[in-house]
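Got the viewer open? Load the model and follow along, one selection at a time.

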Amino acid sequence: MPKLYSLEQAIPEVMKMLAVKGLDTVRCSNLDSGYQLTASNGLKTARIRVRHLQYDENYKDSLLPYPVYKIKAFPNGKHDNHTLRDVDFVVGYNPSEGSFACVPDYVFRNQGLACIHQKEGLRHEYYNSWAELDSFMTAPNGTKSILESREGYVPNTGSDYDFHRDAMEEDDSVERLLIMLEHGTVSDEIKKQIIQRFRTSYPQVDKWLNQRSKDKPNDEWNKQFDI
């Protein structure tokens with residue numbers, strides 16, 4: 001039988017994993033705080049919110065050859081940016097597998113929920129990886145604000161693929177895909193890759209693209225991206 005998630009059990013497990021990395025961990029005693037623990041390397045300290053890395057029911061019938069998870073940053077799905085005002089990372093923990101995902105706080109700013117693919121797909125780079133935390137610990141002061149500036153969409157900033165990916169994947173919206181493809185600054189080849197990636201992962205994107213090609217069969221935009 002799968003182990004049930006318990007925050008009180010998950011926090012010590014996450015602290016153990018961080019200790020193995022050589023980080024000093026302290027559990028927060030302030031119940032009003034947005035984070036449950038801190039991790040420090042002696043130079044920098046990260047504030048961490050612990051949540052459940054649970055299976056995403058939207059993918060229960062998926063043909064993907066790997067599991068897909070989700071992390072709800074807030075209890076009962078409540079979206080409250082005020083809660084994340086003092087959080088640097090949300091770490092999702094799965095007790096059945098002993099797996100985790102370490103996700104930067106800004107990923108949750110628009111929706112409060114993050115979809116995590118185990119391999120290849122959406123946000124797979126966070127699964128069982130402390131890479132973002134390691135970068136945070138070793139980066140000079142100010143790096144976090146640079147990362148946060150990628151949120152939203154500002155078409156005149158000359159933003160790169162990562163900016164577009166982060167801005168769009170917050171709510172997996174077709175609207176953001178449309179904005180990025182029509183106004184984005186990345187190359188057409190990368191746009192083709194993004195289209196294929198998202199139409200494979202999200203049925204609503206594939207449906208929208210197919211409908212667009214039917215509505216505008218001679219549109220140059222469709223031909224340009226092989227839709």
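Start with R123: this residue counts as buried because its relative accessible area is 4%, under the 20% cut-off. Keep in mind as you click around that the model is predicted.

**Stop 1: the loop around R123.** R123 belongs to the loop between β7 (113-117) and α2 (131-138). Check its backbone torsions: phi is positive, about 55°, although R123 is not a glycine. Now add C115 to the selection. A polar atom of the R123 side chain lies 3.1 Å from the backbone oxygen of C115.

Stay in the loop between β7 and α2 and pick N128. Its phi is positive as well, near 50°, and again the residue is something other than glycine. Is N128 buried, partly exposed or exposed? It's partly exposed, with a relative accessible area of 39%.

**Stop 2: the aromatic pairs.** Show the rings of Phe, Tyr and Trp. The count of aromatic pairs comes to four. Begin with F89 and F136, an edge-to-face pair with 5.4 Å centre to centre and 90° between the planes. F89 sits in strand β5 (residues 89-94) and F136 in helix α2, so this pair ties together parts that are 47 residues apart in sequence. Both F89 and F136 are buried.

Next, select F100 and W130. How far apart are the ring centres of F100 and W130? They are 4.3 Å apart, and the planes are at 20°, so the pair is stacked. This one also links distant parts of the chain: F100 is in strand β6 (residues 99-104), W130 is in the loop between β7 and α2, and they are 30 residues apart. Colour by accessibility and you'll find F100 buried at a relative accessible area of 7%, with W130 buried too, at 11%.

Then pick Y55, Y69 and Y127 together: ring pairs link these three into a cluster.

**Stop 3: a lysine over a ring.** Go back to F136 and bring in K44. K44 lies over the face of F136, at 4.5 Å from the ring centre. So as you turn F136 around, look for two partners: F89 in the edge-to-face pair and K44 over the face.

**Zoom out.** Switch to cartoon for the whole protein, and you should see eight helices and seven strands. Of the 227 residues, 45% are buried. Among contacts with a separation of 6 or more, 59% are between residues 24 or more positions apart. Finally, put on the surface: the protein exposes about 12100 Å², and carbon and sulfur atoms supply 50% of that area.

Definitions and conventions:
Residues are numbered from 1 along each chain as its sequence is written. This is a predicted model: local features need pLDDT of at least 70, side-chain atom pairs count only at pLDDT 80 or more; totals for chains, interfaces and linings use all residues. Side-chain values use heavy atoms; hydrogens and water are left out. Helices (H or I, at least four residues) and strands (E, at least two) are DSSP runs, numbered from the N terminus. Buried means under 20% relative accessible area, exposed over 50%, partly exposed in between (1.4 Å probe, protein chains only). Contact means heavy atoms within 4.5 Å. Accessible areas come from the Shrake-Rupley method with a 1.4 Å probe; for residues, only the protein chains shown count as cover. A polar contact is a pair of N or O atoms within 3.5 Å; within protein, one must be able to donate a hydrogen and the other to accept it, and residues adjacent in sequence count only if both atoms are side-chain atoms. Rings of Phe, Tyr and Trp (its six-membered ring) pair if their centres lie within 6.5 Å; planes under 30 degrees apart count as stacked, over 60 as edge-to-face and the rest as tilted. A charge sits over a ring if NZ of Lys or CZ of Arg is within 6 Å of the ring centre and within 35 degrees of the ring normal.
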